[in-house]
Protein chains: 2
Amino acid sequence: MTSVLVCDDSPLAREALRRAVATVPGVERVTTATNGEEVLRRWATDRSDLILMDVRMPGLGGVETVRRLLSADPGARIIMLTVAEDLDGVALAVAAGARGYLHKDASRAELRATVAQALADPTWRLAPRRLRAAEMGAAPTLTAREIQVLEGMSHGRSNAEIGRELFLSEDTVKTHARRLFKKLGASDRAHAVALGFRWGLVR
Amino acid sequence: MTSVLVCDDSPLAREALRRAVATVPGVERVTTATNGEEVLRRWATDRSDLILMDVRMPGLGGVETVRRLLSADPGARIIMLTVAEDLDGVALAVAAGARGYLHKDASRAELRATVAQALADPTWRLAPRRLRAAEMGAAPTLTAREIQVLEGMSHGRSNAEIGRELFLSEDTVKTHARRLFKKLGASDRAHAVALGFRWGLVR
DNA sequence: GGATCCGTAACTCTTTCGAGTGACCCTCGT
DNA sequence: ACGAGGGTCACTCGAAAGAGTTACGGATCC
């Protein structure tokens, strides 16, 4: 019984995807979900062979759902759906273990081909993307200090302010900053904060 | 039947809070939840007189939960729990309609006093905090352009890069940046990105 | 028919960031 | 015993960012 789970918060997109996937040869059942929590709940009782999941969803986001799904079941096959603007999220999801991704404006044919491919070959996965950060499928590990600095940034503090707060010199804060940028693959502090949120490292 | 719902993801904190609240005169029932989703689910069938909720929780965060709760039921009374570092989140939650907040290291007496106060007077609310952004209980309204700029920032792009991408001059991007900083109450782009995430304006 | 907000753009000026580098000490694992 | 990684600090330097200000056309709201 080959089944596919489609998850997207937009009803229109969800229905369109459901219909497209249903036409892939071999697919016998397509179920749907609207958010990450639902995917996780459903997965507990009803494991599909493949999951198509949007990167940006309300509540539990795609990246975090991938992480939880794979920690519960490392064999889960997941393909991310995305729009052009989500490149970071896609990269993170793939790094976290998603098998690949599809542009939402990919043609129906591409979609079907990718799904068919993923179903036919259980080991199929995108050529590992050259990610600046973690290739390892887990969130980059930041040290306690680095997280403190990242949190300071997320509260709008300057390096000097963070230093004063943590009783460090500004130069030291900068060193931590550079290191955490590198770990996260961030190009500047705003990016680092964004990645911190996407990875769930800060709130 | 006076009942209070306590929500915190830490089992220790949850239990401690539960016990403290249970000793407040008049409180007959204390229920618990571990995250925002659970609060929302529970609220649908079982409305407590007061909710104590942590600002930072896995999955659906405190601020967003407050928003959803109040849009479902504007009469819900919510007090946020927080640690010192969450001041932004608290401010946002109060702006979103939470009645007040409590430091997690507040004394048991303070906690009980605040809960008793909130239960005794249904209109009780903290003196409206002087928020730099929205006082209105809704997310600051950013224009489409401002959101595009904010998203660019969250992807680590410089103002010049954002300008190229949107066919704008760098100066124009800076103007949008300054305006959105002001609306969000952000002190720099990293802070703006963080607030964007906390408000759910970007992902 | 002003007032207000938005989108666009340019100008100056100061502060901050971030890259690059080097260095010292400590701890932990091998 | 050595290296790797972490935490600390310092120095330079160029590139951004952000504040402040001005401006003009269009939309929208009283």
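The surface near DNA strand D is made up of 2 nonpolar, 7 polar and 8 charged residues. Here Ala, Val, Leu, Ile, Met, Phe, Trp, Tyr, Cys and Pro count as nonpolar, Asp, Glu, Lys and Arg as charged, and the others, Gly among them, as polar. A residue is near a strand if one of its heavy atoms lies within 4 Å of it. The model is predicted, so that local features need pLDDT of at least 70 and side-chain atom pairs count only at pLDDT 80 or more, while totals for chains, interfaces and linings use all residues. Residues are numbered from 1 along each chain as its sequence is written, chains are lettered from A and ligands numbered from 1 in the order in which they are written, and side-chain values use heavy atoms, with hydrogens and water left out.

DNA strand D has 17 residues around it, and A:T143, A:R145, A:S169, A:H176 and B:R189 come nearest. Of the atoms of DNA strand D that come within 4 Å of the protein, 58% belong to sugar and phosphate. Polar contacts (pairs of N or O atoms within 3.5 Å; within protein, one must be able to donate a hydrogen and the other to accept it, and residues adjacent in sequence count only if both atoms are side-chain atoms) are made to both phosphate and base atoms of this strand. A:R145 places a polar side-chain atom 2.8 Å from a phosphate oxygen. In chain B, a polar side-chain atom of B:K174 lies 3.1 Å from a base nitrogen, and one of B:R178 lies 3.2 Å from a base oxygen. Helix 8 (170-184) of chain A and helix 8 (170-184) of chain B are the elements that give two or more residues to this surface; helices (H or I, at least four residues) are DSSP runs, numbered from the N terminus. Helix 8 of chain A gives the most, with 6 residues.

DNA strand C is likewise surrounded by 17 residues, of which A:R189, B:T143, B:R145, B:S169 and B:R179 are the closest. Sugar and phosphate make up 60% of the atoms of DNA strand C that come within 4 Å of the protein. Side-chain N or O atoms of B:T172 and of B:H176 are each 3.1 Å from a phosphate oxygen of DNA strand C. For B:K183, the distance from a polar side-chain atom to a phosphate oxygen of this strand is 3.4 Å. Helix 8 of chain A and helix 8 of chain B each supply at least two residues of the surface near DNA strand C, and the largest share, 6 residues, comes from helix 8 of chain B. This surface divides into 2 nonpolar, 7 polar and 8 charged residues.
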